[in-house]
Amino acid sequence: MTTATRPLGASVTGLSDADATWVSGSTRGRMVATLRTWRRAILSPSVAFPLAVFLIVVIACFAGPEILNLPSPIVGNLNDTLLPPGSPGYPLGTNELGNDELSRLLWGGQISIIVGLGATAFGLIVGSFLGMLAAYSGRAVEVVIMRLFDALLAFPGLILALILADFLGPNVWNTILAIGIFGIARFGRLAWAQTIGVRHRDFVVAARSDGVPSGSIVLGHMVPNVMPTLLGFALFTVGTAMTIEAGLSFLGLGVQQPQPTWGNMIAGAQQYMSLAPWLLILPAAMLVITILSLNLVADSLRIRLDEER
Amino acid sequence: MLRLILERLVQMVIVVFVVTLAAFTLVNLLSGDIAVYLLGDHATPEAVAALHAQLHLDDPIIIRYFDWLGDVLQGNLGTSVVSHYPVVKSLTNAIPPTFELMIGAQIVGITLAVVTTAAAIKWRWTDRLVTGVALLVNSIPTFVVALILIIIFSTTLHLLPSIGWVAPTSAGGWGKNIVAMIMPSVALGLGIFPEYMRILRSDIREQLDREEYVTLAWMKGLRPTRIFGKHVAPNSVGGFISMIATTTALLISGVVIVEQVFAIPGIGKMMLAAIDSHDTPVLLGGLLTIVTFVVIINLVGELIYMRIDPRVRATRVTA
């Protein structure tokens with residue numbers, strides 16, 4: 001994936017002062033300026049702090065089990081069931097089958113994060129392709145694609161995901177697919193609106209009248225203009241996708257036990273709510289912390305980059 | 001205006017048509033052989049064939065779709081292949097609890113949004129607090145909110161029942177019914193309030209900061225209540241109202257989860273059971289109801305928006 005080459009939330013209609021300097025600058029100069037803007041934005045505390053939290057969660061989930069040499073999350077010891085946190089050998093206790101809770105939390109996080117990122121990437125790629133295709137081709141193609149988006153949006157998202165997950169069979173890839181489809185119409189409409197905005201800008205018209213092939217115009221002029229906004233939106237979507245994944249798992253149609261995910265851990269813990277509340281609180285807290293950190297990054301980054309302009 | 005409504009109505013019918021066709025194809029393709037599913041692995045080939053004939057499973061999908069559509073237009077949604085109960089009856093039983101839940105959630109969401117927006121506009125520090133809280137609430141999945149509420153108010157404080165549906169016709173009457181709906185409504189309403197607040201707050205801010213008529217009103221010495229009520233509010237609530245309409249569509253997802261957690265026998269629970277048992281007629285009947293409802297609500301939202309905000313009438317026509 002190419003990194004963004006223009007600030008988030010850039011205006012697409014009309015040429016602001018910032019835009020004018022932008023267009024007149026050299027390519028290299030532009031790249032450097034963009035990178036500086038991004039670095040300043042990312043290093044500001046309101047972005048850097050939640051980003052650090054998110055990265056810590058990611059590293060802990062993916063490298064933690066290896067580094068801490070944790071027991072397997074699914075081979076429990078039935079003599080050690082429902083131990084409270086702080087028990088010897090089980091820092092966060094065990095679940096009803098005697099599985100190590102810390103290990104389950106970290107392994108479960110891997111699934112949540114993979115599904116969150118995977119579903120977003122799927123929606124982003126398919127959605128922006130269709131949206132830009134619609135805006136660039138116009139006419140019948142545009143009508144068909146836009147009505148398709150309407151239909152997808154009218155489809156109650158979770159129910160569509162539930163049907164797909166149930167009928168395709170619940171596993172990680174089908175969960176990603178089921179949630180990703182949910183995002184296609186949203187990304188698609190945004191990509192369409194953004195592309196419409198640049199479709200008649202001078203640099204596109206100039207390139208077209210120079211006889212530049214469509215493919216190059218789309219890749220060279222439209223994608224760089226459309227992508228920043230889409231990537232900004234994608235940041236928000238990762239959290240939403242993780243929420244839906246948790247919901248699917250909670251309803252029993254996501255990734256199945258004994259393989260842990262935060263959602264199915266919470267669902268399983270419901271029965272032991274008064275006996276072992278930590279089984280519910282721990283995965284719920286991890287889920288909320290992760291989604292919150294992502295939302296904070298997205299929100300602060302948007303504000304920062306808006307201010308920069 | 002009338003032409004616009006007609007145009008939208010045609011679009012609506014097309015969307016409902018496309019969605020049901022897509023759903024019909026999807027469900028029929030993905031569910032595999034429903035006859036084998038219903039009769040079990042040890043069914044005789046004769047029994048499977050008989051059920052095929054009975055359910056018209058050997059016809060091409062498109063023909064079965066139009067058969068189904070024909071029945072639908074006559075008000076017949078078929079019978080459940082699992083319970084043999086008419087789908088229309090299941091739906092009429094499931095709609096009231098869902099409807100009440102959605103109304104309750106909207107009341108909670110709108111009230112919270114208006115109160116927090118008022119606070120956010122009034123003072124700087126409440127603004128930061130309120131936006132922070134909204135972001136936090138936005139990051140908590142609905143089922144986690146629901147479970148937290150149950151832990152606090154049912155298992156710890158014993159204030160509210162954790163089962164969310166008491167029919168108003170039963171012994172407890174409406175009183176019991178409403179008490180039981182409090183927690184589900186809050187669980188669902190909390191999820192929608194941050195979005196409401198964000199849009200309401202930024203719309204009002206924009207009016208206050210940018211528009212010259214507000215400055216003029218201040219200069220004329222009008223009372224703040226009059227400025228807000230007469231000038232700012234009509235120009236700010238348009239986005240909010242269309243937001244309420246579009247959010248209703250998103251609410252359906254939350255409804256499925258909340259109904260499951262609180263054991264409310266509404267549409268969400270019905271759909272979940274139908275998905276679980278591959279009950280195609282119930283699934284399609286439910287989807288048709290939901291999609292039709294969502295499309296109508298969106299249209300109503302748009303029309304109200306146009307009615308309230310005069311600027312939209314002129315510019316929004318081709319959108």
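The following exchange concerns the helices of chain B and the largest nonpolar core of a predicted model.

In this predicted model, local features need pLDDT of at least 70, side-chain atom pairs count only at pLDDT 80 or more, and totals for chains, interfaces and linings use all residues. Residues are numbered from 1 along each chain as its sequence is written, chains are lettered from A and ligands numbered from 1 in the order in which they are written, and side-chain values use heavy atoms, with hydrogens and water left out.

Visitor: How many helices and strands are there in chain B?
Guide: Helices (H or I, at least four residues) and strands (E, at least two) are DSSP runs, numbered from the N terminus. By that reckoning chain B has 13 helices and zero strands.

Visitor: Which helix of chain B gives the most to the largest nonpolar core?
Guide: A nonpolar core is a set of buried (under 20% relative accessible area, 1.4 Å probe, protein chains only) Ala, Val, Leu, Ile, Met, Phe, Trp, Tyr and Cys residues joined through side-chain atoms within 4.5 Å. The largest has 120 residues, and those with the most contacts inside it include Trp262(A) and Phe262(B). The chain B helix that gives the most, with 13 residues, is α10 (residues 224-262).

Visitor: Are α5(B) and α11(B) parallel or oblique to each other?
Guide: The axes, lines fitted to C-alpha atoms over the stretch in contact, with angles from 0 to 180 degrees between N-to-C directions, come within 7 Å and cross at roughly 130°. Angles under 35 degrees count as roughly parallel, over 145 as roughly antiparallel, 65 to 115 as roughly perpendicular and the rest as oblique. The two helices, α5(B) and α11(B), are therefore oblique.

Notes
Buried means under 20% relative accessible area, exposed over 50%, partly exposed in between (1.4 Å probe, protein chains only).
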